[in-house]
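User: I'm new to this one and would like to learn how to read it. Could you walk me through it, feature by feature?

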Amino acid sequence: MSLSVGQVSGLAGITVRTLHHYDEIGLLIPGERTGAGYRRYTDGDLIRLQQILLYRELGFPLDEIAVILDDPHVDELTQLRRQHELLTRKSERLREVIAAVERAMQARSLGIALTPQERLELFGDFRPEDHEAEVERRWGGTEAYTQSRRRVASYTKADWAELTAEAAALTEALVAALKGGLPPDGAEAMDLAERHRLHISRWFYTCDHEHHRCLGELYVSDPRFTATHDAHAPGLARYVRSAIVANGFRGGR
């Protein structure tokens, strides 16, 4: 049993012209011809075509594919193993590319329009867009979420530099208060908690004391937030939460 050039074209998803070209250059010569000279492709031809298309998918030029397939010392199973290895490598690379594109899409949705170099300078290995899904799940649709996205969308590199510098200074002051043994419900720690609340209000959304308290609870209930804080100093997450709660009571009076 053999197939016509049109049938093979439909099965393989390539044009008749491509099959003619493969025949002309000796890459895929049909195993049979009709009495009128029409091409007919055998099962062996289809196997070779499959190998050709796999190598083409991997980016090999036609002349190199011919050399590979016509090597008398390489059997079909060896060819398949080689193709499997090459395709696996390509799939891993494609997964990396897809992940990079998805991160770029998330960054655009956040409105972070910085160059890769600028983002590295400002954030290091921290990527705000990595938290976008979690943020949207928790607060998507709220006024705070809408307000934050609107503000962030307009920030320049200079704005991000000022924001991150302000946040770093605040974290440094909180670490110093913790290490200095200042009580979280003391005036100095509560003042720092208030600075933290105003920092959020200035850069992201209007953060009242109730919103601030919810953030404080998140710092100790979510291991990721706890780890981020405690990386600066063990126990910092709980210290900040306690200072936020104390400052909330003070602000409510």
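User: Let's start with the strands. How many bridges join β2 to strand β3, and which way do the two run?

Analyst: Keep in mind that this is a predicted model. For strands, look for bridges between them, then check direction. Here β3 covers residues 39-41, and two bridges link it with β2 in an antiparallel arrangement. Across that pairing, R33 sits opposite R39 of β3.

User: What is the order of the strands in the open sheet?

Analyst: Read a sheet from one side to the other. This one has three strands, in the order β1-β3-β2, with antiparallel pairing. β1 (3-4) and β2 (32-33) stand at the edges with a single partner strand each, so each has one side without a neighbour in the sheet.

User: How many helices does the chain have next to those strands?

Analyst: The chain has 13 helices along with its three strands. Let's try one, α9. You can check a helix by comparing its expected span with the distance between its ends. At 1.5 Å a residue, the 23 residues of α9 should span 33 Å, and its end C-alpha atoms are indeed 33 Å apart, so the two agree.

User: Which residues of α9 are buried?

Analyst: They are W160, L163, L170, L174, V175 and A177. After the helix comes G181, with a positive phi near 80°.

User: Why would I look for buried nonpolar residues as a group?

Analyst: Because in soluble globular proteins, nonpolar side chains tend to be buried together. In this model, the largest nonpolar core has 20 residues, and L174, Y205, Y219, L236 and V240 have the most contacts inside it. At least two residues of this core come from each of α9 (157-179), α10 (187-203), α11 (209-221) and α13 (236-252). The largest share, six residues, is supplied by α13.

User: Is there another core, or what lies apart from that one?

Analyst: Another core, of 17 residues, lies apart from it; L3, L19, Y41 and F60 are among its members.

User: Back to Y205: which residues does Y205 touch, not counting those up to four places away in sequence?

Analyst: Skipping close sequence neighbours shows you what the fold brings together. For Y205 the list is A144, Q147, S148, R151, I200, H211 and L215.

User: Where is V8, and is V8 buried or exposed?

Analyst: V8 belongs to helix α1, residues 5-12. Its relative accessible area is 1%, and under 20% counts as buried, so V8 is buried. Leaving out neighbours within four places in sequence, V8 is in contact with L3, L19, Y41, L46 and L49. Take L46: 38 residues separate it from V8 along the chain, while their C-alpha atoms are 8.0 Å apart.

User: How many aromatic pairs are there?

Analyst: For ring pairs, check the distance between centres and the angle between planes. The count here is two aromatic pairs. One of them is Y55 with F60, which is edge-to-face, at 5.2 Å centre to centre with 70° between the planes. Y55 is buried at 0% relative accessible area, and F60 is also buried, at 17%.

User: And over the whole chain, what share of the residues is buried?

Analyst: Of the 253 residues in the chain, 34% are buried. The chain exposes about 15100 Å², with 56% of that supplied by carbon and sulfur atoms. As for contacts with a separation of 6 or more, residues 24 or more positions apart account for 58% of them.

Definitions and conventions. Residues numbered from 1 in each chain as written. Heavy atoms only, no water. Phe/Tyr/Trp six-rings, centres within 6.5 Å; stacked < 30°, edge-to-face > 60°. Buried < 20%, exposed > 50% of the residue type's maximum accessible area, 1.4 Å probe, protein only. Core = buried A, V, L, I, M, F, W, Y, C linked by side-chain atoms within 4.5 Å. Helix = DSSP H or I, 4+ residues; strand = E, 2+ residues; numbered from the N terminus. Contact = heavy atoms within 4.5 Å. Expected span 1.5 Å × (residues − 1). Pairing = 2+ DSSP bridges. Areas by Shrake-Rupley, 256 points an atom, 1.4 Å probe, with all protein chains shown as cover.
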